[in-house]
Amino acid sequence: MASRSRTESTASPPPRGDDAHGDDARGDDAHGRAREASRAVCEATALSRSYAGASRPAVDGVTLNVRPGEVFGVLGRNGAGKTTLVRMLVGLLRPDTGRVLLDGTDVTARSAHAAVHLAYLPQRESALADMSVRTALETTGRLRGLPRAAARAQADDLVAELALAAIADDRVGRLSGGQRRLVGVATALAGERPLLVLDEPTTGLDLDARRTVWDALDRRRSGGAAVLLVTHNVLEAETVLDRVLVLHAGRPAALGTPGRLKERFGGLVRLDLAWRDEPAIDPAGLGGTVLRRGRRWTVRLPVAEAQDVLAGILNGPAYAALDDFGLAPPSLEDVLLACDSEEG
Ligand SMILES: Nc1ncnc2c1ncn2[C@@H]1O[C@H](COP(=O)(O)OP(=O)(O)OP(=O)(O)O)[C@@H](O)[C@H]1O
């Protein structure tokens, strides 16, 4: 049972991570320490931005570093400020305050320079719709400075790598939404920028295409590129992100490795119970605060207690009313829920 409501909140939220407002510079392992030694490919300091007439800033005091060879995720609910933040990082929106360095170069006031350092895949891209897939890839490579022959060779490589051969000669504008997204990812890879900024790259892709994209990104990461990823797909993100920034109402709510962010749950697991009929047990007797959505109950408990509670239900009279259950370790989704409830 994997029902995770976006509206529920914890009654007694776990403590906020202490790395919410600074970079998680401590790192978890040798790999992390090696990355720290290398200069950030993207360094943003105290970025804020308000839109005219808004009651609060869309982004409010965000600081982050993205290092070569890492996948850095920006997570948050709709309207949390992810796109606004990314548009400042890629030079499409000027911050009200703060600055952005790309490969050590201050691009805050020289937004045209940002394109030298990065490739950006926006949520909705419409450029190059009149070209064939292969020409779009070649043209993007050329625009990013590759000589003609190299751009052509790279386009062929990308067609093969992203399994685009069957549509390589089709016009981009006539492709399905998922195919267009895959081509969008391929164009982001053309020209081999050291920083790939991808807003929801796998939305609309089927399972095979998603795997193809993650494999391709993993190869870039292994080659030293950095990936800054905006996503709503927390479960998928969990498998690929090295570090995560959670935004809530424009503010940084948590920053760190997925493992460290989940440590705030201190070994608690999540027990989900779905009842087909009104159960003959008192939720107050389960040993934790029970979140109830109709006949779906969720409670966070230490592992041993959760096992005892579940065994009691499976072996007792309440079992007759049980429809489904799940026992799961904390996830990034739980981190997001906790950030929402802490920040209100
Ligand atoms: N061009 C704009 N003019 C005015 N307000 C805007 C504009 N763009 C975004 N906003 C507001 O700024 C806030 C942050 O929006 P933003 O698009 O950055 O969030 P997001 O996290 O990317 O959301 P989503 O997940 O829905 O894409 C929202 O309150 C939004 O209404």
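Here is a short chat about how to read this predicted model.

Student: Where do I start with the protein chain, and how many helices and strands does it have?

Tutor: Start with the overall make-up. The chain comes to 11 helices and 14 strands. Of its 344 residues, 40% are buried. Then look at how contacts run along the sequence: among those between residues at least 6 apart, 72% join residues at least 24 apart.

Student: Which domains does the domain assignment give?

Tutor: You get domain 1 (30–262) and domain 2 (266–343). Their C-alpha centres lie 37 Å apart. The contact takes 15 residues from domain 1 and nine residues from domain 2.

Student: Which elements supply the side of domain 1 that touches domain 2?

Tutor: Look at α8 (234–238), β9 (243–248), β10 (251–256) and α9 (258–263), since each of them supplies at least two residues of that side. The largest share, four residues, comes from α8. By residue type, this side of domain 1 divides into 11 nonpolar, one polar and three charged.

Student: How do I read a nonpolar core, and which residues touch the most other members of the largest one?

Tutor: The general idea is that in soluble globular proteins, nonpolar side chains tend to be buried together. Here the largest nonpolar core has 77 residues, and Cys42, Ala186, Leu195, Val197, Val227, Leu228 and Val246 touch the most other members. Both domain 1 (30–262) and domain 2 (266–343) give residues to this core, so it lies between them.

Student: What does Leu228 touch?

Tutor: Leaving out residues up to four places away in sequence, Leu228 touches Cys42, Val66, Phe72, Val74, Leu195 and Val197. There's also a second, separate core of eight residues, with Leu271, Val299, Leu301 and Ala306 among them.

Student: Now a helix. What span should α6 have, and how far apart are its end C-alpha atoms?

Tutor: Check the length against the rise per residue. Helix α6 (residues 177–189) has 13 residues, and at 1.5 Å a residue it should span 18 Å; its end C-alpha atoms are 19 Å apart, which agrees.

Student: And why is α6 described as largely enclosed?

Tutor: Count its buried residues. In α6, 10 of the 13 residues are buried, so the helix is largely enclosed by the rest of the structure. The buried residues include Arg180, Arg181, Leu182 and Ala186. As for partners, the buried residues of α6 pack against β6 (118–121), α4 (133–143), α5 (148–161), β7 (195–199) and α7 (207–222). Just after α6, Gly191 takes a positive phi of about 85 degrees.

Student: Which residue other than glycine has a positive phi?

Tutor: Try Glu200, with phi near 55 degrees. Glu200 sits in the loop between β7 and α7. Another case is Ala249, which has a positive phi of about 50 degrees although it is not a glycine. Ala249 lies in the loop between β9 and β10.

Student: Is Glu200 buried or partly exposed?

Tutor: Count C-beta neighbours inside 10 Å; a residue needs 20 or more to be buried. Glu200 has 18 inside that distance, so Glu200 counts as partly exposed. Ala249 also has 18 C-beta neighbours inside 10 Å, so Ala249 counts as partly exposed.

Student: Last one: what surrounds the ligand?

Tutor: List the shell, then sort it by type. The ligand is surrounded by Tyr51, Ala54, Ala58, Gly76, Asn78, Gly79, Ala80, Gly81, Lys82, Thr83 and Thr84. These shell residues divide into four nonpolar, six polar and one charged.

How values were computed
Residues numbered from 1 in each chain as written. Predicted model: local features only at pLDDT ≥ 70, side-chain atom pairs only at ≥ 80, totals over all residues. Domains from an automatic or database assignment. Contact = placed C-beta atoms within 7 Å. Nonpolar A, V, L, I, M, F, W, Y, C, P; charged D, E, K, R; others polar. Near = placed C-beta within 6 Å. Core = buried A, V, L, I, M, F, W, Y, C linked by C-beta atoms within 7 Å. Buried ≥ 20, exposed ≤ 12 C-beta atoms within 10 Å, placed from the backbone. Expected span 1.5 Å × (residues − 1).
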